[in-house]
Amino acid sequence: MHEWALAEGIVSTAVRIAEDEGLLKITEIVIDIGELQQIEHEILMFALEQLRTPTMKGARFVLKPIQGRFRCKVCGEEWAFIPETVDKEVSEAIHFVPEMAHVYIKCPQCGSPDFDVTEGRGVWLESVKGLKRDE
Amino acid sequence: MSDPRIEVIERRLEKVENIIAVSSGKGGVGKSVVASTLSLELSNRGHSVGLFDLDFTSPSTHVILGIQDVFPDEEYGIIPPLAKGLRYMSIIFYALDRPAPLRGSEISDAIIEVLAITRWEELDYLIIDMPPEMGDATLDVIRLIPRIKFLMVSTPSKVAYETVRKQLTLLIGLDVPVIGVIENMVMHSPRLRSQVEEDGAEYLGSTNYDPVLEEALGDIERLKKTAMYAELTKIVHHI
């Protein structure tokens, strides 16, 4: 149920952004879900529904999966994260702390753990759309 | 694009009365031993205490306290397990005994992640064992935990204190509260008091180099019987 903790962060941040931008009503919240973190979309969506505030009543939550991608700092190799290639314990460690990828995953070309996660690390709030008073 | 984790960090720590970062510019000054024994002693005195090992590349408090066979519960986030009477959190739960070769930005991201998902219960004290540097982890806890206080550890060595002095300058300049400095592993006689006071911090006391401490690591009952522990208990009332 780690997704609940992330959902709380999404809802709180969306509310703060709406306040900063003077939105009276939130209509859409777009969330990037990095596949490296292997978030359960259904659980996250359920948590978001439960945590929905009055300002976001009727708002659409859009979850956008982003494939996890790596680039080796040593040899420049680029590759994609394939969840099915890691075992359950490793998946769980990376699920909680995506940086644990550097503990368990190596560059397929040179074997180095020194790589960048170029895309799809974790959860990001892409946009919050809504209506202002004069709209 | 916004990072949704930052918003909830303060909420995760709202039930914690005092948050203390045990820090030093240098490694090898006994900072993790001080953080661990300080946590034990505060717990001994009837306080509820958490210990958070924030040294993600070289965690060691689990070795010092002999913590094993515990794992966080998952419940709307993660709940630090009870170990040796302390609520305990460390990256070892996820990295196990493998090396964690993380660059600065990755350490920062991992710290934010763990702070955002860890639900600390009501605690009188949360002791944070900091990595030995003045980089990402230090800057992150200052940024993300505005009410944090620092407890600095140095040895009598000029080399060790030089880094502590710089960190004191940074913290005092940023108006971050500094509880004071502990002079650890004194071989002959303490030498830092006047220097620490000149640098604007409180000198909390000293602990002597304890040759039997090494043998007591991993066994909290033996740790509590060491001379170092006894000396630390005299300093704890300053905390």
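Start by selecting Met152(B) and Val181(B): Met152(B) stands opposite Val181(B), a residue of β9(B). Now widen the selection to the two strands around this pair. Strand β8 of chain B covers residues 149-154 and strand β9 of chain B covers residues 178-186; the two run parallel and are joined by five bridges. Keep in mind as you look around that this is a predicted model. Its scores are ipTM 0.92 and pTM 0.95. For chain B, the mean pLDDT is 96, with 100% of the residues at 70 or more.

**The sheet of chain B**

Next, show the whole sheet to which these strands belong. In what order do its strands lie? Follow them across as β5-β6-β2-β7-β1-β8-β9-β10 of chain B, an open sheet of eight strands with mixed pairing. At the edges you will find β5 (82-83) and β10 (203-208) of chain B, each of which pairs on one side only.

Add helix α2 of chain B, residues 31-44, which packs on this sheet. Helix α2 of chain B touches β1 (16-23), β2 (49-53), β6 (86-90), β7 (123-129), β8 and β9 of chain B. Compare the helix with β7(B): their directions make an angle of about 170°. Then bring in helix α7 of chain B, residues 158-173, which also packs on the sheet. Its contacts are with β1, β8 and β9 of chain B, and its direction makes about 165° with that of β8(B).

**Two crossing helices**

Stay in chain B and select α5(B) together with helix α6, residues 136-144. The axes of α5(B) and α6(B) come within 9 Å and cross at roughly 35°, and the crossing is right-handed. Which residues make the contact? From α5(B), pick Gly104(B), Ile107(B), Ser108(B), Ile111(B), Ile112(B) and Leu115(B); from α6(B), pick Asp136(B), Ala137(B), Asp140(B) and Leu144(B). Colour this selection by class and you will have six nonpolar, two polar and two charged residues.

**Where the chains meet**

Now bring chain A into view beside chain B. Here 25 residues of chain B are in contact with 26 residues of chain A. On the chain B side, highlight α1 (6-12), α4 (92-95) and α5 (104-117), since each supplies at least two residues that touch chain A. Which element gives the largest share of this side? That is α5(B), with seven residues. So this helix is worth a second visit: α5(B) also crosses α6(B), as you saw above. By class, the side of chain B that touches chain A is made up of 14 nonpolar, two polar and nine charged residues.

**Chain A as a whole**

Hide chain B for a moment and turn chain A around. Its C-alpha trace spans about 60 × 30 × 15 Å along its principal axes. Chain A has four helices and six strands, and from the N terminus on the elements follow the order α-β-α-β-β-β-α-α-β-β.

Colour it by domain next: domain 1 takes in 1-67 + 120-135, and domain 2 takes in 69-118. The centres of these two domains of chain A, taken over C-alpha atoms, are separated by 27 Å. Where they touch, domain 1 of chain A contributes nine residues and domain 2 of chain A contributes eleven. On the domain 1 side of that contact there are one nonpolar, six polar and two charged residues.

**The three-stranded sheet of chain A**

Finish by selecting β2, β1 and β6 of chain A, which form an open sheet of three strands in the order β2-β1-β6, with mixed pairing. Because β2 and β6 of chain A stand at the edges with a single partner strand each, one side of each has no neighbour in the sheet. Neighbouring strands here are turned by 15° against each other on average, direction ignored.

Helix α2 of chain A, residues 41-51, packs on this sheet and touches β1 and β2 of chain A; its direction makes about 155° with that of β2(A). Helix α1 of chain A, residues 2-20, lies across β1 and β6 of chain A and runs at about 40° to β6(A).

Now zoom in on the pairings:

- β1 (25-34) and β6 (123-131) of chain A run antiparallel and are joined by eight bridges; Glu28(A) stands opposite Lys129(A) in β6(A).
- β1(A) and β2 (60-66) of chain A pair in the parallel sense over seven bridges; in β2(A), Val62(A) is the bridge partner of Val30(A).

How values were computed. Residues numbered from 1 in each chain as written. Chains lettered and ligands numbered in written order. Predicted model: local features only at pLDDT ≥ 70, side-chain atom pairs only at ≥ 80, totals over all residues. pLDDT = per-residue confidence, 0-100. Contact = placed C-beta atoms within 7 Å. Nonpolar A, V, L, I, M, F, W, Y, C, P; charged D, E, K, R; others polar. Domains from an automatic or database assignment. Pairing = 2+ DSSP bridges. Axes fitted to C-alpha atoms, helices over the stretch in contact; angles between N-to-C directions. Left-handed = near helix turned anticlockwise from the far one by under 90°.
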